[in-house]
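Q: Please take a close look at one helix-to-helix contact in this model, and at one residue that takes part in it. Then set that contact in the context of the whole chain.

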Amino acid sequence: MTPHSLRMDVEATDAGSQSILSRARESVAGGESSTMRVLPYHLPLVIDRAEGPYIWDVDGNRLIDLNMAYGPLIFGHRHPIILDAVRQELDDRGTILGFPHRLSHQVAELIKKSVPSIDKVRFSSSGTEVVQTAIRLARAFTGRPKIVLFEGHYSGSSDAVFHKYHASLDELEHAGSLPLPGTAGMLAPQRAHLLPWNDADAVRAYLAEHGHETAALIMEPVMGNAGVIPPEDGYLAAVREATRRSGTLLIFDEIITGFRVARGGAQERFGVASDLTTLSKAMNGGMPVSVVGGRADIMELLVEGTVFHGGVYSGNPLGLAGALALQTEYERNGTAIYRALEESANRLASGLRELFRRRGVPVLVQHVGAMLSLAFTRRGGVDRVRNYRELLGVAWSERYIAFQHASQRRGVYFHPNQFEPWYVSIAHTPDVIDEILERLDGAAEAFDWSGAS
Ligand code: PMP
């Protein structure tokens with residue numbers, strides 16, 4: 001990207017953000033506690049306060065947030081239903097108990113009601129932890145060592161599954177079916193095999209040969225870590241059928257899609273049930289609560305203690321109070337909530353397509369429920385991509401980053417990494433969507449479309 005590819009009419013100030021980040025870098029490695037928040041191509045942005053769909057930075061700029069904390073804020077920032085419940089819990093029982101309490105079963109019962117494939121759950125704090133437990137359960141239940149991972153999918157950073165995040169085409173070609181280690185300091189995920197996603201034949205062929213030694217397949221049922229890519233018609237059902245035949249468990253990592261693409265997640269939307277499911281984000285009201293849940297006969301291994309799962313903060317009442325407030329609201333108003341989310345996301349997706357069509361700029365907008373992704377394509381009109389490799393083949397990431405910078409300066413924040421979805425919340429009402437589109441139109445107007453290479 002060349003800096004002069006942006007022709008800015010509006011220059012927002014970021015002196016305050018810059019100064020805080022440079023001070024933070026003195027004591028916090030990299031200035032923040034997740035690398036994804038301070039990528040080298042992030043414009044400085046330090047937040048002072050937030051409300052509904054808006055964030056204000058320390059320099060006083062107001063932005064509309066389409067990142068929504070990477071998904072959990074499905075009711076928007078500081079929703080009173082969540083805040084009141086958490087405050088009440090603080091007043092009643094404090095921060096943590098270290099004993100059983102009734103919030104556990106109250107939240108669990110509502111989750112079971114929404115996701116019928118789940119008979120029993122365990123709570124943890126992060127997605128990484130519950131995926132780790134799901135993999136252990138699968139290996140212990142089947143007595144088989146191998147697992148199958150999918151290109152472009154992310155299921156947290158545990159050594160069991162963390163493979164090279166956003167690997168290049170070269171790296172994928174070179175590694176073949178071996179998942180590359182996700183980070184220095186770990187070995188490649190052990191006994192794991194990497195398959196392309198949305199390719200039922202690849203799954204069938206693999207299981208025909210290796211099913212007898214394969215404990216589980218784990219996938220995001222809608223790809224949400226490499227843009228938003230929907231499953232092809234019949235793909236999930238074909239995978240379900242193939243896994244059932246070979247006695248291999250199917251794990252849906254619904255940490256992004258659960259309670260987002262439908263109340264019952266992708267498994268409700270596409271009508272395919274998994275054996276085990278992981279949930280977090282739009283399940284928890286913004287509190288650090290995650291879930292592994294599934295068939296009673298598999299979860300029984302936790303009851304017996306054959307498989308270990310613990311955690312000081314697992315199922316802590318403060319987090320569950322937030323989750324219960326959100327779950328109760330889904331129970332009360334689910335139909336209206338998902339209708340509103342769907343309408344706002346449709347409005348944003350069609351507005352984006354129209355905005356770029358008018359300017360003759362080729363883009364790919366993919367969307368499922370309240371999550372969508374935008375990619376600038378190098379080779380003109382592409383209507384859809386099926387998997388991570390196809391996306392890599394067409395996406396123009398430098399242009400995306402440059403346009404993200406222009407949009408951020410115009411008051412709309414979405415993540416500068418093109419693989420991160422845009423998250424719509426119920427605070428993104430039609431008026432807010434229209435303001436987003438107007439601001440993005442302003443950014444597009446000021447943008448030098450011949451540059452950004
Ligand atoms: N699975 C998926 C699908 C995710 O998107 C994420 C987080 N982005 C995780 C697992 C890991 O969750 P956590 O960061 O809470 O460990």
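A: The answer starts with the basis of the values, then goes to the contact, the residue, a second helix pair, the chain and two loop residues.

The model is predicted, so local features are given only at pLDDT of at least 70 and side-chain atom pairs only at pLDDT 80 or more, while totals for chains, interfaces and linings use all residues. Residues are numbered from 1 along each chain as its sequence is written, and side-chain values use heavy atoms, with hydrogens and water left out.

The contact chosen is between helix α12, residues 397-409, and helix α13, residues 430-446. Helices here are DSSP runs of H or I with at least four residues, strands are runs of E with at least two, and both are numbered from the N terminus. The axes of α12 and α13 come within 9 Å and cross at roughly 125°. Axes are lines fitted to C-alpha atoms, for helices over the stretch in contact, and angles run from 0 to 180 degrees between N-to-C directions. The pair is therefore oblique; under 35 degrees counts as roughly parallel, over 145 as roughly antiparallel, 65 to 115 as roughly perpendicular and the rest as oblique. The crossing of α12 past α13 is right-handed, where right-handed means that the near helix is turned clockwise from the far one by less than a right angle, and left-handed means anticlockwise. F403, A406 and S407 from α12 make the contact with L440, A443 and A444 from α13, contact meaning heavy atoms within 4.5 Å. By class, this contact has 5 nonpolar residues, 1 polar and no charged; Ala, Val, Leu, Ile, Met, Phe, Trp, Tyr, Cys and Pro count as nonpolar, Asp, Glu, Lys and Arg as charged, and the others, Gly among them, as polar.

The residue to follow is L440, which sits in α13. L440 is buried, at 0% relative accessibility; buried means under 20% relative accessible area, exposed over 50%, and partly exposed in between, with a 1.4 Å probe and protein chains only. Neighbours within four places in sequence aside, L440 touches L352, L355, F403, S407, V412, F414 and W422. L355 is 85 residues from L440 in sequence, yet their C-alpha atoms are 8.5 Å apart.

A second pair can be set beside this one. Helices α3 (residues 103-114) and α10 (residues 317-359) pack at about 35° with axes 9 Å apart, and their crossing is left-handed. The α3 side includes L103, V107 and L110, and the α10 side includes L320, A321 and L324. That contact divides into 9 nonpolar, 5 polar and 2 charged residues.

As for the whole protein, there are 13 helices and 14 strands. The radius of gyration, 22 Å, is close to the 22 Å of the globule rule for 453 residues, so the protein is as compact as a globular protein of that length; the radius is taken over C-alpha atoms, and the rule is 2.2 Å times the number of residues to the power 0.38. The C-alpha trace spans about 65 × 55 × 45 Å along its principal axes. Buried residues make up 57% of the 453. Of contacts with a separation of 6 or more, 71% join residues 24 or more positions apart.

Two loop residues complete the account. Most residues other than glycine have a negative phi. R191, in the loop between α5 and β6, has a positive phi of about 50° and is exposed at 53%. N198, in the loop between β6 and α6, has a positive phi of about 65° but is buried at 2%.
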